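Welcome! Here are some short exercises, each with a worked solution to follow at your own pace. Have a look at the model first.

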Amino acid sequence: MKTNSKLFVVLMLVLFAASCKNKENRMLTVINEDGTCSREYTFKTTQQWLAASPEEDYDSIIDKSWERTWSVQGVDSVRYPVPLTEAQLDSMQELDLNKQLGNMLMVHAKKTYHSVEEMSAQLYRPDRYHLKKVEGVKVSSSLKKSFKWFYTDYTFNETYTYEGDPIFPIPLNDFLSTDTASYWFTGQPDLTQHLTGAEQKHMLDQIETKINQWSNANWFFEVCNIIIANYDSIRNPPVSKERFISLRDSLVMQPCVLNGYEGEDGTKGITTQMEEIFQTDAYTDFLQSYEGDPAQYEQLFSFGTVYDLVMPGTVTDAGMGEYDGAVIHYRLGGEQLIPGAYTITAASRVTNIWAFIVTGLILILAVGSFLHRSYFFH
C-alpha cells in the first residue's frame with residue numbers, strides 16, 4: 001500500500017527523528033544598532049542563474065534590490081560578485097577535477113529592511129534553486145532597545161506560528177502536557193534538570209511511547225479517511241459507510257492501533273489492525289491497491305532551515321540557540337511549530353564608548369574646577 005508507506009514515513013521519520021534539515025540552506029539575520037536589519041538566504045543554484053546580470057531579476061522574489069553573491073560549497077568561504085563567468089568556473093574546476101563544481105554552486109541573496117517588523121512580513125524558503133513564500137506560517141518580530149548611558153541593551157524576538165489548515169486530526173494534548181510536548185519538539189522547557197541519566201532515559205522513553213501512540217492514532221485516522229473517501233470502491237465491506245464513519249474516532253484509540261505493529265513500511269501494521277478489528281480483508285485489499293498521496297503535511301514540514309543570528313555588540317543571552325562567539329545558531333523547522341508558537345530570542349549589549357569619554361571629560365573638568373578654586377582661595 002503506497003499511501004500507507006508514505007504516511008508512515010512522514011509521521012514517524014519526519015516528526016520523531018527530528019527531521020534532518022538540509023544544512024545547505026541557511027537563513028542569516030543581522031540586527032544593526034540603528035534598528036535596521038538584513039536577511040540573507042543561502043541555497044544551491046545553477047551556473048545559468050548566476051550568469052545573469054545583477055540588474056536582472058533572479059526569480060519572482062529576488063530582484064535587483066537584493067544583494068547577490070555566490071560561493072562554492074565546501075571549497076572555501078570566499079564570496080564572489082555575480083555574474084559568474086565561464087572562465088571563473090573553469091578556473092575553479094581545475095583546482096579539483098574530481099568534483100563537478102556546477103553542482104556545488106551556492107547563491108547568497110541578501111535584503112536590507114528598515115525594521116524587524118518589515119523583515120518578518122517577508123518570510124521565504126528555498127525551493128529548487130528559487131525562493132518561495134512560506135505559506136501557513138505567521139511571523140511576528142520585535143526589537144527592544146534600552147539606553148542605559150554607558151551601554152545600550154538590545155532584545156530581539158521572532159515568533160513563528162503555524163496558522164495553516166489543521167494537520168493532525170488527533171490533538172497532541174490528548175497524549176502529552178503542553179510543557180512535555182514542547183520539550184520533545186523544541187528542547188524547552190528543560191525537563192531533565194536535576195535528573196540522573198537513568199531518570200532522564202526513563203522519562204524520555206515514556207514520552208516517546210506517548211508520541212508514537214499519537215502518531216499511530218493520526219496515521220490510522222488518515223487511513224480511515226482514505227477508506228471513507230473511496231468506500232464505494234471497497235468490495236463486500238463488513239459495515240456500512242455511515243457505520244464506519246461513526247466508529248472512526250473510537251477505532252483510532254484502540255490499543256492495537258495506539259501500540260501499533262512494526263513493519264518496514266507500516267503496511268503490516270495497518271492491514272493487521274484492520275483485519276483484527278473487522279475480521280475481514282476487505283479493507284486490506286483496497287489499501288494494497290491504493291496509490292494516492294496525502295499532502296496535508298507538506299505545508300508545515302517543507303519549512304525548515306539553519307537559522308543564524310548576528311546581534312549588535314556582545315551577546316548576553318542566546319535563548320535556545322548556540323553562540324559561537326560571533327553568530328547564534330538555532331534550529332528552525334516545521335516540527336518546532338507542532339506544540340505551538342516557537343520563539344527565537346536573543347539579547348546583547350553595546351558599550352557606548354562616547355559615554356565613557358563624556359563622563360571622563362566631565363570628571364576631569366569637575367576635578368580641575370575644584371583644584372582651581374582651592375588654589376585661588378589659598
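**Exercise 1.** Is N157 buried, partly exposed or exposed?

*Solution.* Keep in mind that this is a predicted model.
- Step 1: Find N157 in strand 9, which covers residues 151-162.
- Step 2: Take the relative accessible area of N157, which is 25%.
- Step 3: Compare with the cut-offs: buried means under 20%, and exposed means over 50%.
- Step 4: N157 is therefore partly exposed.
- Step 5: Now look across to A347: the two C-alpha atoms are 8.9 Å apart in space, while N157 and A347 are 190 residues apart in sequence.

**Exercise 2.** Stay with strand 9 and find which residue meets D153 in a salt bridge.

*Solution.*
- Step 1: The partner is R349, with an N to O distance of 2.8 Å between the side chains.
- Step 2: This pair links distant parts of the chain, since R349 lies in strand 14 (residues 342-351) and D153 in strand 9, 196 residues apart.
- Step 3: D153 is buried at 14% relative accessibility, whereas R349 is partly exposed at 31%.
- Step 4: K148 joins in as well: K148, D153 and R349 are linked in a network of salt bridges.
- Step 5: For the wider picture, the structure holds 8 salt bridges.

**Exercise 3.** Work out how many residues separate D205 and K201 in helix 6.

*Solution.*
- Step 1: Locate both residues in helix 6, residues 197-229.
- Step 2: They are 4 residues apart, so about one helical turn separates D205 and K201.
- Step 3: Recall a general rule: an α-helix has 3.6 residues a turn, so residues three or four places apart point the same way.
- Step 4: D205 and K201 form a salt bridge, with their closest N and O atoms 2.7 Å apart.
- Step 5: Check the surroundings: D205 is partly exposed at 32%, and K201 is exposed at 53%.

**Exercise 4.** Find the side chain that S71 touches in a polar contact.

*Solution.*
- Step 1: Go to strand 3 (residues 67-72), where S71 sits.
- Step 2: S71 has a relative accessible area of 7%, so S71 is buried.
- Step 3: The side chain of S71 is joined to that of H108 by a polar contact of 2.7 Å.

**Exercise 5.** Name the residues that form a negative surface patch.

*Solution.*
- Step 1: The patch consists of E275, E276, D281 and D285.
- Step 2: D285 belongs to helix 10, residues 282-289.
- Step 3: With 46% relative accessibility, D285 is partly exposed.

Definitions and conventions. Residues are numbered from 1 along each chain as its sequence is written. This is a predicted model: local features need pLDDT of at least 70, side-chain atom pairs count only at pLDDT 80 or more; totals for chains, interfaces and linings use all residues. Side-chain values use heavy atoms; hydrogens and water are left out. Patches are made of residues with over 30% relative accessible area and no salt bridge: like charges are joined within 9 Å, nonpolar side chains (Val, Leu, Ile, Met, Phe, Trp, Tyr) within 5 Å. Accessible areas come from the Shrake-Rupley method with a 1.4 Å probe; for residues, only the protein chains shown count as cover. A salt bridge is a side-chain nitrogen of Lys or Arg within 4 Å of a carboxyl oxygen of Asp or Glu. Lys and Arg count as positive and Asp and Glu as negative; His and the chain ends are not counted. The place of a charge is taken as NZ of Lys, CZ of Arg, CG of Asp or CD of Glu. Helices (H or I, at least four residues) and strands (E, at least two) are DSSP runs, numbered from the N terminus. Buried means under 20% relative accessible area, exposed over 50%, partly exposed in between (1.4 Å probe, protein chains only). A polar contact is a pair of N or O atoms within 3.5 Å; within protein, one must be able to donate a hydrogen and the other to accept it, and residues adjacent in sequence count only if both atoms are side-chain atoms.
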